[in-house]
Amino acid sequence: MSVRVTLPTAEDTHAFGRRLAGVLRAGDLLLLTGPLGAGKTALTRGLGVGLGVRGDVTSPTFVIARVHRPDPARGGTVALVHADAYRLGDAADPRAEIDDLDLDASVDDSVTVVEWGEGLVEQLAETHLRVRIDRRDDDSRVVELEPVGGDWADRLTALG
């Protein structure tokens, strides 16, 4: 079972991320795929707002990974780990590069979002959510959520 949503604007992508955050919990792994400019970081910004994390969520392309701690004043209770494996695609051994990030040390206590991580990080959690974002010529986005194991399918029905 997958869920497919069309989002007319980048703001709608951000808002959908906020909504999606409502079904997330510590230990969740999300793999975001899609072409450059599709809206992966916009969606993750929305997740950050929905999770109530400190600071602004920005693209981790050049630092590879960022940890956003929960902000109790914003209702936050779980950290958001945001990683971008795009630059690792040119590495001789991208899986070793992922291991060096030590994402497995925080995956149980955080919501972990990895852009361009498909084929590289699935081993971090027994279950995960694949999120494919495509940007159309009219700037709308099509988001497809594909649950892999666990209770993801049930949680996705709660998105309505």
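User: Let's start with helix α2: how many of its twelve residues are buried?
Analyst: This is a predicted model, in which local features need pLDDT of at least 70, side-chain atom pairs count only at pLDDT 80 or more, and totals for chains, interfaces and linings use all residues. Residues are numbered from 1 along each chain as its sequence is written, and side-chain values use heavy atoms, with hydrogens and water left out. A residue is buried under 20% relative accessible area, exposed over 50% and partly exposed in between (1.4 Å probe, protein chains only). By that rule α2 is largely enclosed by the rest of the structure, because the number of its residues that are buried is nine.

User: Thanks! Against which elements do the buried residues of α2 pack?
Analyst: Helices (H or I, at least four residues) and strands (E, at least two) are DSSP runs, numbered from the N terminus. The buried residues of α2 include Lys40, Leu43, Leu47 and Leu51. Contact means heavy atoms within 4.5 Å, and the elements that these buried residues pack against are α1, β2, β4, β5 and β6.

User: How far apart are the end C-alpha atoms of α2?
Analyst: The expected span of a helix is 1.5 Å times one less than its number of residues. For the twelve residues of α2 that gives 16 Å, and the model agrees, because the end C-alpha atoms are apart by 16 Å.

User: Which residue just after α2 takes a positive phi?
Analyst: Helix α2 covers residues 40-51. Just after it, a positive phi of about 70° is taken by Gly52.

User: Could you zoom out for me: in what order do the elements of the protein chain run?
Analyst: The protein chain has four helices and seven strands. Read from the N terminus on, their order is β-α-β-α-β-β-α-β-β-β-α.

User: And in what order do the seven strands sit in the sheet?
Analyst: Two strands pair if DSSP finds at least two bridges between them. The sheet is open and its pairing is mixed. Its edge strands, each pairing on one side only, are β1 (3-7) and β3 (65-68). Across the sheet, the order is β1-β7-β6-β2-β5-β4-β3.

User: At what angle does helix α2 run to β5?
Analyst: Axes are lines fitted to C-alpha atoms, for helices over the stretch in contact, and angles run from 0 to 180 degrees between N-to-C directions. Helix α1 (residues 10-21) lies across β1, β2, β6 and β7, at about 20° to β7. Helix α2 lies across β2, β4, β5 and β6, and its angle to β5 is about 170°.

User: Which residue of β6 does Leu30 stand opposite?
Analyst: Leu30 belongs to β2, where it points one way with Leu32 while Leu29, Leu31 and Thr33 point the other way. This strand is largely enclosed by the rest of the structure, because five of its five residues are buried. β2 pairs in the parallel sense with β5 over four bridges, and Leu31 stands opposite Val114 there. Four bridges also join β2 to β6 in parallel, and in β6 Leu30 stands opposite Leu129.

User: In β5, which residue is the bridge partner of Ala79?
Analyst: Ala79 points one way from β4 along with Val81 and Ala83, while Leu80, His82 and Asp84 point the other way. β4 pairs with β3 in the antiparallel sense over four bridges, and with β5 in the parallel sense over six bridges. In β5, the bridge partner of Ala79 is Ser110.

User: Is Glu118 buried or partly exposed?
Analyst: Glu118 sits in the loop between β5 and β6. Not counting residues up to four places away in sequence, Glu118 touches Leu31, Thr33 and Arg130. Its relative accessible area is 42%, which means that Glu118 is partly exposed.

User: One last thing: which element has the lowest mean pLDDT?
Analyst: pLDDT is the predictor's confidence in each residue, from 0 to 100. The protein chain has a mean of 84, and 78% of its residues reach 70 or more. Where pLDDT is low, the predicted coordinates should not be read in detail. Among the elements, β7 has the highest mean (96), and the lowest (51) belongs to helix α3.
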